[in-house]
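Biologist: I'd like to learn how to read a sheet and its surroundings in a model. Could you walk me through this one?

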Amino acid sequence: MLRIEKEVILAPMAGYTHSAFRRLARELGADRTYSELMNATGIIYRGDERELSYFTDLERPIHLQVYGRNPEEIARASEILVKKYRPDAIDINFGCSVKKVLKAKAAGYLLQFPKEMGKIVEETVKTLKPYGVPVTAKIRLGFYEDNLEEIAENLLSAGVSAIALHARTANQGFTGVADWKRVKDLKEMAGSVPVIGSGDIRSWREINEKFEESGCDGVMVGRAAVSNPWIFKEYREKRDIEVPLSERVDFILKEISLMWEFFDRERACRVIKAHVTQLFKGIRGKARLNDAVMRSKTCAELIESLLRIKEEFSP
Ligand SMILES: Cc1cc2nc3c(=O)[nH]c(=O)nc-3n(C[C@H](O)[C@H](O)[C@H](O)COP(=O)(O)O)c2cc1C
């Protein structure tokens, strides 16, 4: 049984939530982390997951997230991950709705077939039982229509250990607003199985509100944590924290150096650029800062320009 009690969780985000960022988020107070989605076929046939599944004990409890098309494949890929890396849980992605994934009839596509979702969870639970590793699921309300009840029923009877709900339909993408009333409904349906709510959290105050309003067991923070990873600390300390530019630059430099453990040096610098732009959001002179960062072609240039920015903006 997976125990989740009032946890604030770093949401899985492809391209952002690798081992380095997860570690920094845990340091700042996130209670639990997830890897980004990894393709089951790639894991089975090509060992594609090597970089994405890298984690250290500092990121625990960690869920490694898998997506795919059919039960046997997802169960087999999950077993490979469990044997190699011993994560605290395997999470199955039923939410992603980017074109490539939909074309493969995987992840969010499966929201249209709740029985199939149940079969996937059932097969994976059965396969991982000897290892004692729980299976969780991350879902949306449905694909075109909200059919949360039917989805939840199938997952719960298949033995899912926790459900995270991004309270929009797949068809909505990121438009409209997340419907947290449905997180509350899911909590009522799920009984003792923990429910984690996700969608549109922007501040530590909203984390508080969502716990109160929905009674959920966990609140996930996604985009807001990318631009403000200090949100976890703010929630713990129940206060707003103003983070100066120099500290943001230090955060990025630390993140890059941690990324070198599992990414090639230059690759790390390319990947971090998207994060830098987010971390400079709302900062005075951000256009010029971003420009300096984006123009750097090598890792050495990037670090040099970050150090220059830090010096220039230090009080
Ligand atoms: C850039 C990006 C990448 C994402 N990648 C994943 C992913 O790999 N797996 C997943 O389950 N959800 C993924 N999500 C969805 C988030 O986990 C989360 O449910 C969603 O962003 C809503 O929360 P937010 O409003 O706090 O960002 C991603 C979201 C974003 C913005």
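**Reading the strands**

Modeller: Strand 5 (residues 135-140) runs parallel to strand 6, and the two pair over five bridges. Strands pair if DSSP finds at least two bridges between them. The elements themselves are DSSP runs numbered from the N terminus: helices are H or I with at least four residues, strands are E with at least two. One caveat up front: this is a predicted model, where local features need pLDDT of at least 70 and side-chain atom pairs count only at pLDDT 80 or more, while totals for chains, interfaces and linings use all residues. Residues are numbered from 1 along each chain as its sequence is written.

Biologist: In strand 6, which residue is the bridge partner of threonine 136?

Modeller: That's alanine 162. Between the two strands the chain passes through helix 6 (residues 148-157), and this β-α-β crossover is right-handed. Right-handed here says that, with the strands pointing away from the viewer, the path from the first strand over the helix to the second runs clockwise.

Biologist: How do I read the faces of a strand?

Modeller: In a regular strand the side chains alternate between the two faces of the sheet. In strand 6, Ala162, Ala164 and His166 point one way, Ile163 and Leu165 the other.

Biologist: Are those residues of strand 6 buried or exposed?

Modeller: All are buried. A residue is buried if 20 or more other C-beta atoms lie within 10 Å of its own, exposed if 12 or fewer, and partly exposed in between, with C-beta atoms placed from the backbone.

Biologist: What does strand 6 (residues 162-166) pair with next, over four bridges?

Modeller: Strand 7, again in the parallel sense. Alanine 164 has isoleucine 196 as its bridge partner there, and isoleucine 163 stands opposite valine 195. With helix 7 (residues 181-190) in the middle, strands 6 and 7 make a right-handed β-α-β unit. Strand 7 (residues 195-198) is covered on both faces, with Val195 and Gly197 buried on one side and Ile196 and Ser198 buried on the other.

Biologist: And how many bridges join strand 7 to strand 8?

Modeller: Three, in the parallel sense, with strand 8 at residues 218-221. Serine 198 finds its bridge partner in methionine 220. The connection from strand 7 to strand 8 goes through helix 8 (residues 204-214), another β-α-β crossover that is right-handed.

Biologist: What about the ligand: how many residues surround it?

Modeller: There are 21, and the closest are Ala11, Met13, His166, Gly222 and Arg223. Being near takes a C-beta atom, placed from the backbone, within 6 Å of the molecule or strand. Strand 2 (33-39) and helix 9 are the elements that give two or more residues to this shell.

Biologist: Which domains does the assignment give?

Modeller: Domain 1 (7-237) and domain 2 (245-313); such bounds come from an automatic or database domain assignment. Their C-alpha centres lie 28 Å apart. Twelve residues from domain 1 and 13 residues from domain 2 make the contact, counted when C-beta atoms, placed from the backbone, lie within 7 Å. On the domain 1 side, helix 1 (19-27) and helix 9 (223-227) each supply at least two residues, and helix 1 gives the most, with five.

How values were computed
Two residues are in contact if their C-beta atoms, placed from the backbone, lie within 7 Å.
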